[in-house]
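Me: I would like to go through this model with you, taking one part of the fold at a time. Please show it to me before we begin.

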Amino acid sequence: MIHSEFVLCLNLLLFLRVVAQFRNNVQQQWPVPYRRFDHRPAADSYCEALYPFCPTGDQDGRIPYTRDSDVISVYRLQTPVWEFKYGDLLGKFHIMHDAIGFSSSETGANYTMEWYELFQLGNCTFPHLRPEMYAPFWCNQGAACFFEGIDDLHWSQNGTLEKIGEITGNQFNDMAQWVQDDNETGIYYETWTVRSDPGPNATVWFESYDCSQFVHRTYRKLAELGAKLSSRTQTNYTKIYLYSGEPTYLGNDSAIFGQPALKNLAVDIRNFYHTFRPHQSFTDFAISLLEAYKKVVLDKSFYLYYNFEYWHLPMKSPYVQITYEEVPLP
């Protein structure tokens, strides 16, 4: 290494140390706030969904205007994830998808509104490792979909279709504008909720941002607009938890993958995500399961991508857990 390269690397390391010290001296907010954006960017052409997003609805989440005099029934909708392919299989593990239904008393029209991944769940949870790119490549956008009709059999057969309240046409229109704004500023999907432990007094490090969170936000907005919502049954929702000690901030793509001094960290992150790569053969998948067990359980290490930045999680038992827990209506 020539003298100028050595000086550059030394300065970079000193700079990163100063940045890390500055972050340590600033009180970290937990959970880390979900970052919002000025507008939704176009999806990269590399990201391709096996099943097209919102095939029969408005892909921008636009909702038709309703007369102020209308009375709109609100429905809680829930069904097992990928029911169209696996039936009730994932429902037995309480892995559920959530949505909201609406029905107009004046026109008789029914509508379904949901928020989900543009490119399926796997792409939102783990990145692709593209040969021509050093940094992992993420296809993790999520968005609202609004379409006409409620498939009664789909929602009620293995899940929930329950009327939980009524709103005025004016309240519906106000909610529709809020959905449009929310959809433009909250652009990416986050699978994991990260907590310090399963106990009731646990610290939440990161919140998920998924279909059920959209439903909760919408319910809260409707309550803010004056709606009265109630359910005859317990309102349970799927949560996927990671458990860890206090996370360590690492940096964004350019900080980690654009600096030679952090090559070892960059390689470690790439190797971690290589374990979870898509489209593996059965043999590779079996090997990857063993590798994932070693990294997460034995090495107690997980790299989380949140707000387009990387964090290291020092994992703790029980490591990963899927729960089906009550979140009361507002």
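**Helix α9 and its surroundings**

Reply: The buried residues of α9 pack against α8 (263–274), β10 and β11, where contact means heavy atoms within 4.5 Å, and helices (H or I, at least four residues) and strands (E, at least two) are DSSP runs numbered from the N terminus. This is a predicted model, in which local features need pLDDT of at least 70 and side-chain atom pairs count only at pLDDT 80 or more, while totals for chains, interfaces and linings use all residues. Residues are numbered from 1 along each chain as its sequence is written, and side-chain values use heavy atoms, with hydrogens and water left out.

Me: How far apart are the end C-alpha atoms of helix α9?

Reply: Helix α9 covers residues 282–298, that is 17 residues, and the expected span of a helix is 1.5 Å times one less than its number of residues. The helix should therefore span 24 Å, which agrees with the distance between its end C-alpha atoms, 23 Å.

Me: Over what arc around the axis of α9 do its buried residues lie?

Reply: Buried means under 20% relative accessible area, exposed over 50% and partly exposed in between, with a 1.4 Å probe and protein chains only. The buried residues of α9 are S288, A292, K295, V296 and V297. They are on the same side of α9 because the arc that they cover, taken from the directions from the helix axis to the C-beta atoms, is only 160°.

Me: Which residues are exposed on the other side of α9?

Reply: The buried set includes S288 and A292. On the other side of α9, the exposed residues are T283, L290 and L298.

Me: Which residue in the turn between β10 and β11 has a positive phi?

Reply: Strand β10 (residues 301–306) pairs with β11 in the antiparallel sense over six bridges, and two strands pair if DSSP finds at least two bridges between them. S301 stands opposite P314 in β11. The two strands form a hairpin with two residues between them, and the turn residue with a positive phi, of about 60°, is N307.

Me: With which side chain does the side chain of D182 make a polar contact?

Reply: D182 lies in helix α5 (residues 169–185) and is buried, with a relative accessible area of 5%. Leaving aside its neighbours within four places in sequence, D182 is in contact with R36, Y209, F214 and R217. A polar contact is a pair of N or O atoms within 3.5 Å; within protein, one must be able to donate a hydrogen and the other to accept it, and residues adjacent in sequence count only if both atoms are side-chain atoms. The side chain of D182 makes such a contact, at 2.9 Å, with that of R217.
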